[in-house]
Amino acid sequence: MNITIHDDLRAFVDPLTDIEYAALERSLLAEGCRDALVLWGDVLIDGHNRYEICRKHGIEFRTVQNDKFSSIEDVMLWMIDNHLARRSVSDFQRGLLALRKKEIVTARMAQKMAEEPPAPTPDDMDSRPPPPWNTREEVAKAARVSSNTISQIERIQKAAAPQLVEAVRAGTISLSAAANVAQLPQEAQIAAVAGGKKELQQAARQVREQKMAAKPRKQGPDGEPVDEKAALKAEIASLKDRMATLLTENEILKQKLANAGL
């Protein structure tokens, strides 16, 4: 049987950890490949890890065809939705998948608009629904993560060295820390990854501190820098005092009304 591995589709499958791979391998060796691999023509679209292990050990497997797709983009969207529905997918991979879906959907809409060029009237423009997946919030909702997490993943996508991306996938560094380390030059990122978890954490901390130092500090009426933490504490204390005063005034009013027989 001729089975083709499509590299773009294989990239949608989050690599198994060593422990997960070993567990799947033991299961296939003991019980065989119970679930059929899914093909689109001769292209494998579901069961990449099972296929690899079955070939390695000569384990028999079944295949089923899914012929409802008309393009490779249809297959990609199907695979993305399948993976987004799984609990075992990491937040990083979930965010990457959702962002990839946004790219495909946006490109399709742009192509459709280019193929259907009638000029819209002002009324049409007012009634036209917004493009799907148009905001970071929509992407975050599909990925079941926060919009801040999507923002961090976008920064990693744009600037992270491959070694840093692998460190995120392996769980060596958190998304937020990796988004900070990705702001360093590629050489510094690679060196931090080579130094291990502590070195990565230190690099992320240094970037955060540099950003805080570069951030303009608020000034008071006299032009002197304001200690924001102290100012916030003072504001909270003031609000508590105001609340206590209002509660006291409310009790006095209630007592006056009671005495007046109202």
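Arg86 and Asp46 pair up in a salt bridge, with 3.4 Å between their closest N and O atoms. Arg86 sits in the loop between α4 (72-84) and α5, while Asp46 belongs to strand β2 (residues 43-46), so this contact ties together parts that are 40 residues apart in sequence. Keep in mind that this is a predicted model. The salt bridges come to nine in total, and a few of them are worth a look, along with a nonpolar core and a patch of positive charge.

**Around Asp46**

- The Arg86–Asp46 pair is part of something bigger than two residues: Asp46, Arg50 and Arg86 are linked in a network of salt bridges.
- Is Asp46 buried or exposed? Asp46 is buried, because its relative accessible area is 17% and the cut-off for buried is under 20%.
- Its partner Arg86 counts as partly exposed, at 34% relative accessibility.
- Asn82 is another residue to check here: its C-alpha is 9.4 Å from that of Asp46, though the two are 36 residues apart in sequence.
- Asn82 is in helix α4, and at 27% relative accessibility it counts as partly exposed.

**Two more salt bridges**

- Lys56 and Glu25 meet through their side chains, N to O, at 3.0 Å.
- Lys56 comes from helix α3 (residues 48-57) and Glu25 from helix α2 (residues 18-31), so the bridge ties together parts 31 residues apart in sequence.
- The two ends of this bridge differ in cover: Lys56 counts as exposed at 51% relative accessibility, whereas Glu25 counts as buried at 15%.
- Arg108 and Asp74 form a salt bridge too, at 2.4 Å from N to O.
- Which helices does that pair join? Arg108 lies in helix α5 and Asp74 in helix α4, so parts that are 34 residues apart in sequence are tied together.
- Arg108 counts as partly exposed, with 33% relative accessibility, while Asp74 is buried, with a relative accessible area of 17%.

**The nonpolar core**

- The largest nonpolar core has 27 residues, and Phe92, Ile156, Leu164 and Ile173 touch the most other members.
- Elements giving two or more residues to this core are α5 (91-115), α7 (136-143), α8 (147-159), α9 (162-170), α10 (175-181) and α12.
- Which element gives the largest share of this core? That would be α10, with five residues.
- As general background, nonpolar side chains tend to be buried together in soluble globular proteins.

**The positive patch**

- On the surface, Arg155, Arg205, Arg208 and Lys211 gather in a patch of positive charge.
- Helix α12 (residues 197-214) is the main contributor to the patch, giving three residues.
- Helix α12 therefore turns up twice, since it is also among the elements that give two or more residues to the largest nonpolar core.
- Arg205, one of the patch residues, is placed in helix α12.
- At 39% relative accessibility, Arg205 counts as partly exposed.

**A backbone detail**

- Arg144 has a positive phi, near 60°, and it is a residue other than glycine.
- Where is Arg144 placed? Look in the loop between α7 and α8.
- Both of those flanking helices, α7 and α8, are among the elements that give two or more residues to the largest nonpolar core.

Notes. Residues numbered from 1 in each chain as written. Predicted model: local features only at pLDDT ≥ 70, side-chain atom pairs only at ≥ 80, totals over all residues. Heavy atoms only, no water. Patch = residues over 30% accessible without salt bridge, like charges linked within 9 Å, V, L, I, M, F, W, Y side chains within 5 Å. Areas by Shrake-Rupley, 256 points an atom, 1.4 Å probe, with all protein chains shown as cover. Salt bridge = Lys/Arg side-chain N within 4 Å of Asp/Glu carboxyl O. Lys, Arg positive; Asp, Glu negative; His and termini not counted. Charge placed at Lys NZ, Arg CZ, Asp CG, Glu CD. Helix = DSSP H or I, 4+ residues; strand = E, 2+ residues; numbered from the N terminus. Buried < 20%, exposed > 50% of the residue type's maximum accessible area, 1.4 Å probe, protein only. Core = buried A, V, L, I, M, F, W, Y, C linked by side-chain atoms within 4.5 Å.
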